[in-house]
Amino acid sequence: MKKFFFLLLAVGIACSTMAQRATLFPLIAGDTISTSAALDTVTKVITATAGYATLGIQVNALKVSGTITAKAYLYSSQDGVTYNLTDSATAFANSAAAQSVWFNKIDPTYVYYKVQVRNVGTIASTEVLALRFYYVLHKHD
């Protein structure tokens with residue numbers, strides 16, 4: 001019986017600590033901005049429905065080739081269909097170094113948050129930018 005309670009306590013502690021770590025969206029083939037033939041967009045949607053105190057989002061970008069002009073945007077929605085622009089970050093620098101942009105929301109009031117990275121230039125500019133998306137939702141204490 002003691003082992004059962006110890007196991008239950010260990011699982012509870014593990015779950016509570018995991019809830020505060022950033023979640024990386026699974027990497028898929030479409031997580032690269034490429035504007036060689038047409039303008040490209042990468043979008044991720046985060047659902048926040050359990051009384052969270054804060055939402056933190058980090059977008060990491062790594063230049064693969066070309067001249068980088070992409071920018072990250074944050075949209076919000078109650079129904080997951082109609083989104084409005086909530087924030088935008090400065091454009092990613094045209095640099096070979098890895099770079100990041102962040103969005104922070106205190107007491108997120110919407111159910112859905114859409115993070116979108118897209119080119120702000122024209123098709124004439126050629127760029128390839130590899131992206132990784134992280135987010136963390138912190139609960140009220």
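This short presentation describes one open sheet and one residue, His 138, in a predicted model.

Good morning, colleagues. I shall begin with the sheet. Four strands make up this open sheet, in the order E3-E8-E5-E6, and their pairing is antiparallel. At the edges are strand E3, covering 41-47, and strand E6, covering 84-88; each of these pairs on one side only. From one strand to the next, the twist averages 25 degrees. As a general reminder, strands of a sheet pair through backbone hydrogen bonds, either parallel or antiparallel.

Let us now take the pairs in turn. Strand E8, residues 112-119, runs antiparallel to E3, and the two are joined over 7 bridges. Within this pair, Lys 44 stands opposite Val 115 of E8.

At the other edge, strand E5, residues 70-77, pairs with E6 in the antiparallel sense over 4 bridges. Here Tyr 73 has Ser 88, in E6, as its bridge partner. How many residues lie between E5 and E6 in their hairpin? There are 6, and in the turn Gly 80 has a positive phi of about 80 degrees.

I turn finally to His 138, which belongs to strand E9, residues 127-139. Is this histidine, His 138, buried or exposed? The answer lies in between: His 138 has a relative accessible area of 28%, and is therefore classed as partly exposed, since buried means under 20% and exposed means over 50%. His 138 also has a partner in space that is distant in sequence: Thr 54 is 84 residues apart from His 138 along the chain, yet their C-alpha atoms are separated by 5.3 Å.

Thank you for your attention.

Notes:
Residues numbered from 1 in each chain as written. Predicted model: local features only at pLDDT ≥ 70, side-chain atom pairs only at ≥ 80, totals over all residues. Heavy atoms only, no water. Pairing = 2+ DSSP bridges. Axes fitted to C-alpha atoms, helices over the stretch in contact; angles between N-to-C directions. Buried < 20%, exposed > 50% of the residue type's maximum accessible area, 1.4 Å probe, protein only.
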